[in-house]
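Morning, everyone. Please have the sequence and the structure open in front of you. I'll walk through the chains, then the ligands.

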Amino acid sequence: MGELRLMKGNEAIAEAAIRAGCDGYFGYPITPQSEVMEYLMAEKPFERTGMVVLQAESETASINMLYGGAGTGKMVLTSSSSPGISLMQEGISYLAGAELPAVIVNIVRGGPGLGTIQPSQADYFQAVKGGGHGDYHSLVYAPASVQEMCDHVKLAFDKAFEYRTPVMILSDGAIGQMMEKVVLFDQVPRRTDEEIIKQCPWASNGRPKTRNHNIITSLDLDPAGQERVNLKLQAKYREMEKNEVMYEEIMCEDADYLFVAFGLSARICQKSTDLARAKGIKVGLFRPITLFPFPAIQVSNVGNRVKGILVVEMNAGQMIEDVKLSVGCKVKIEHFGRFGGIIPSPDEVVKALEQKIIGG
Amino acid sequence: MAKIIGDIAINNERCKGCEVCIAACPFTVIAMSKEVNSKGYHFAIKVNGECTGCTNCAIVCPDGVITVYRAKVATV
Amino acid sequence: MEEQFAKTEIRKPENIVYKKTDLMVDRPLSYCPGCGHGTAHRMLMEVLEEMDIADKTIGVSPVGCSVLAYDFLNIDMLGAAHGRAPALATAIKRLWPNHFVFTYQGDGDLAAIGTAETIHACNRGENITIIFINNGIYGMTGGQMAPTTLPGMRSSTSPYGRDVATMGHPLKITELISHLPGVYYVTRQAVHTPNHVRKTKKAIRKALELQKENKGLCFIEIVSNCNSGWKMTPVQSNKWMEENMFPFYQLGDIKVDGKLIELPKTS
Ligand SMILES: Cc1ncc(C[n+]2csc(CCOP(=O)(O)OP(=O)(O)O)c2C)c(N)n1
Ligand code: SF4
Ligand code: SF4
Ligand code: SF4
Ligand SMILES: [Mg+2]
C-alpha cells in the first residue's frame, strides 16, 4: 500500500511527477494551477531525486524546454491553464511531429481570452482534436478526482514513452484546487543516463562513435516523406484507439437514460444519478477517462440501449459531437452545459434531463 | 637544401564557384574553370604551381571542398 | 582528365595539412554559393574535433537557412521551432549538465521571434554556447527585412530601404545581452577571409572551454553574408559587408571574463 495523504489536485500532480521519476518540470505561473510549481519548488525534488525544476519566462519557453528535454530522452512535464496552453500549441504540434514523449497538464479555466480563473471544460476541442497546426492528436486523460490526478501522471509518462507522443492531462480548476485523500504510489527511481540511452536509441544525447547521429525534427521537405510521417502518426493513433481507451460505467445496466460526462462534470452527474434514481428515473453515467482515444464503441454500446442521452459539460457543447458521432442518430442526444466558470448543480442536471430528454 | 612545397586538391563536383578562395590565395593559384560541373557551376582550378600549402583557400571555402598538402622536399 | 599543376608526389595522407573534418557529414551543403553558414558550421565542427567532445555535444539548429544544419553536422542535434532554440538548449543543458550544448541561430530567429528566449537564457546564465549568424536579413524566406537590417538597406519587405522612422532601428542584440550578468563571453566575428575564420574558430574554442568550466553563457555573433538576399555575387557581398555591416556591427570582443570591453569609437 502506498502512502495516504490529504492533498490538493495540483499538489498530487507535482508529487506524482517526482515519484514517477520525472527528470524535469518547466512551467510558468497561471491560476488555477500555480500550486504545481510552488509545491515542486518547496519540495526540492532536485535534492530528493535529482529532478530539475525551472520557472521559465513563458509557456512558449516551457513547452520548448519540454521539447529539448524530451528530444534527449528525458522524462519531462509542464502544467498550465487555458491561456498558457494556447501559447503552448506550437510546441505541442512540434512534439507530435517529432514524435517526442512529454506530459502536459491543463488545469482548465473559463475562456475565451483571459476569461476567468474559475473551472471550465471549454478546452475539450483544443485538447482532443489537435489544438495546434497539422494533423495530430495528443493522448488525453480526464481525471475526475485527486487520486486520478496522481495516477494519471504516472500513466501519462508510461504512454508518452510507449507511443513517443505528447500526452495531455485535461483537468480543471476545481479538481486542481480540491483537497482529497490520495494514495501515493511508491517512488520510482529516475532512470540513469545509461538507462535513458538504452531505452531511447532515437534520442539526441551525444553521438558515440558507434552510431550515426540522431536528429530530432518535425521537418521533412519532401511531400512523400512528409506523407509517410503523417501515415506513421495516424497508424499510432489507430493503435491508441485499439489499446488505450479508458472509461467508467456507473449504473448503466438497467438505465433508461444516460449521462455522458468527463472530469468534474462526471462527479456532478454521479450525484445527479442518485437524485434521479431517488425520483424513480433510471439513469446511468458513462464517463470517458481517455478523451483521445474516445471510447466510441463503448459509449455507443451503452448509448444505443437507452431512450435518451444527456451530455453534460462545462462548455457550450464540445464532447457531444464525439458522442453523437459514436452513438449515431437513433437515440435522442442533448447537451447541458454551464460555462464561464460556473459549475452546474446536481439538481440542475436532473432538471435538464427531465426537460430536454424525458419531457422533450 | 630543402624547401616547402604545397598543393591543393579541389573536389570539382562539390565546388559552387563562389570565388571566395580566389581572393584568399596570396599567390593567385586559383581561378575559375571555363567548363561547368554537373550542378552547372564553374569550379575552382589551379592556374599555376606556386601553392605553398598555406591553407587559406581551404579554410575560407564555405563548402569545404579543398584539401591542402604540404611537404618539405629536397632540392638540388 | 590530367590535372594541371598537380604535385602528385606530395599528395599523400601524411602531407595533408587541411581537409574537411569528418564531423561534417559528407554531403553537399544546401547553402547558396559563398554563403558563410558553411564556413561557420565547419569551424564549429573543427573545434569539437580538436577538443574531442563530439560524443558529448548536443546541438540545436534553428528555423532559417540553417534549419538543415542537423543534416550537415555529424553530431546529435535537435531542430527547434523558429526562435526557440535557447529554450531547448536550456533544458538540455540542465538535464545533461556534463554535455556541451550549443544553439546555432540566424538573426531573425534569435533577434526577432526568439528575442524572449534569447534574453532569458542569457539572463539565467545558462551554461550554453550561442552561435549567432547575423546576415542582416531573412535569408530563407527570400530576403525580407530582419531586426538587424541596416538603415536604408533594401530587402523584399523594405524595397525602398529600411526607413527607421516607420520600420524601427536595427537591433544590436549582441550588445544588449552583453550587459546581462549571466553572460560571460561575448564576441563578434566574421568568416569571409582566412584570418577572420581563424579568429572565429578561436572564439568558438574559447566559448566551449568556458562551457566546460560552467562560466555562464557564451555568445558568438558571426556577421555573415547573404549574397542571395542582398542580390550580389558572393565576392561583392563580402566587400559590401566590410563596407556597410562592419562599421555598424563592429568586430571584436565585447565581453571577456564577464567584463565589458570598451570598443574603439568609429569615426
Ligand atoms: C513561427 C514561424 N514564423 C515564420 C516562419 C518563416 N520563417 C522561416 S525562416 C524565417 C527567417 C529566418 O531568418 P534568419 O533567422 O535571419 O535566418 P537566415 O535564413 O537569414 O539564416 C522565417 C520568418 C516559420 N518557419 N515559423
Ligand atoms: S593553399 Fe594557400 S597558396 Fe595554396 S592555393 Fe590555397 S591559398 Fe593559395
Ligand atoms: S571557395 Fe570553395 S566553393 Fe567557392 S569557388 Fe573556391 S573551391 Fe569552389
Ligand atoms: S539565402 Fe542567404 S543565408 Fe541563405 S543560404 Fe543563401 S546566401 Fe546563405
Ligand atoms: Mg538572417
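**How the chains meet**

Two pairs of chains are in contact here, and of those two, chains B and C share the most contacts. Keep in mind that this is a predicted model. What about chain A and chain B? No contact joins them. Their closest C-alpha atoms are 20 Å apart.

Let me take chain B by itself for a moment. How many helices and strands has chain B? Two helices and four strands. Read from the N terminus, the order is β-α-β-β-α-β. Along the principal axes, the C-alpha atoms of chain B fill a box of roughly 45 × 20 × 20 Å.

**Chain C against chain B**

Now put chain C next to chain B. On the chain C side, 39 residues make contact, and they touch 36 residues of chain B. Together the two chains bury about 2,900 Å². Carbon and sulfur atoms account for 58% of that area. Which three residues supply the most of what chain C buries here? They are C:F5, C:K7 and C:Y18, with 21% of it.

Next, the polar side of this interface. The rule finds two salt bridges across it. One of them is easy to look up: the side chains of B:D7 and C:R11 meet, with N to O at 2.8 Å. There are also 17 residue pairs in polar contact between chain C and chain B, with both residues at pLDDT 80 or more.

Which elements of chain C give two or more residues to this side? Strand 1 (16–18), helix 1 (36–51), helix 8 (194–212) and helix 10 (234–248). Helix 1 of chain C has the largest share, with four residues. By class, the chain C side divides into 19 nonpolar, nine polar and eleven charged residues.

Look again at strand 1 of chain C. Strand 1 pairs with strand 4 of chain B, residues 66–74. The pairing is antiparallel, over two bridges. In strand 1, C:Y18 is the bridge partner of B:V68. You have met C:Y18 already, as one of the three residues that supply 21% of the area chain C buries against chain B.

**Chain A against chain C**

On to the other pair. Here 38 residues of chain A are in contact with 36 residues of chain C. The two chains bury about 2,800 Å² between them, and 61% of it is on carbon and sulfur atoms. On the chain A side, A:E57, A:R207 and A:H213 supply 22% of the buried area, more than any other three residues.

How many salt bridges does the rule find between chain A and chain C? Four. Take C:R84 with A:E90: this salt bridge has its closest N and O atoms 3.2 Å apart. The residue pairs in polar contact number 19, both residues at pLDDT 80 or more.

Several elements of chain A supply at least two residues each to this side, including strand 2 (24–27), helix 6 (89–97) and strand 9 (215–216). Helix 4 of chain A gives the most, with eight residues. The chain A side splits into 16 nonpolar, 14 polar and eight charged residues.

There is strand pairing here too. Strand 9 of chain A and strand 3 of chain C, residues 76–79, run parallel and are joined by two bridges. In strand 3 of chain C, C:M77 is the bridge partner of A:I215.

**The ligands**

Last stop. Start with ligand 1. It has 16 residues around it, and the closest are C:C65, C:D107, C:G108, C:D109 and C:G139. Now the distances. A polar backbone atom of C:C65 is 2.8 Å from an oxygen atom of ligand 1. For C:D107, an N or O atom of the side chain is 2.5 Å from an oxygen atom of the ligand. For C:D109, a backbone N or O atom lies 2.8 Å from an oxygen atom of ligand 1.

Ligand 2 is surrounded by 13 residues. The closest are B:C25, B:C51, B:C54, B:T55 and B:C57. The shell has nine nonpolar residues, four polar and no charged ones.

Then ligand 4. The residues around it include C:Y31, C:C32, C:C35, C:H37 and C:C226. C:C65 and C:G139 are also around ligand 4, and both are among the closest residues to ligand 1. What classes make up the shell of ligand 4? Five nonpolar residues, five polar and no charged ones.

That's my tour. Over to you.

Note on methods. Residues numbered from 1 in each chain as written. Chains lettered and ligands numbered in written order. Predicted model: local features only at pLDDT ≥ 70, side-chain atom pairs only at ≥ 80, totals over all residues. Heavy atoms only, no water. Near = heavy atom within 4 Å. Nonpolar A, V, L, I, M, F, W, Y, C, P; charged D, E, K, R; others polar. Contact = heavy atoms within 4.5 Å. Buried area = accessible area lost by both parts, 1.4 Å probe. Polar contact = N/O pair within 3.5 Å; in protein donor to acceptor, adjacent residues only side chain to side chain. Pairing = 2+ DSSP bridges.
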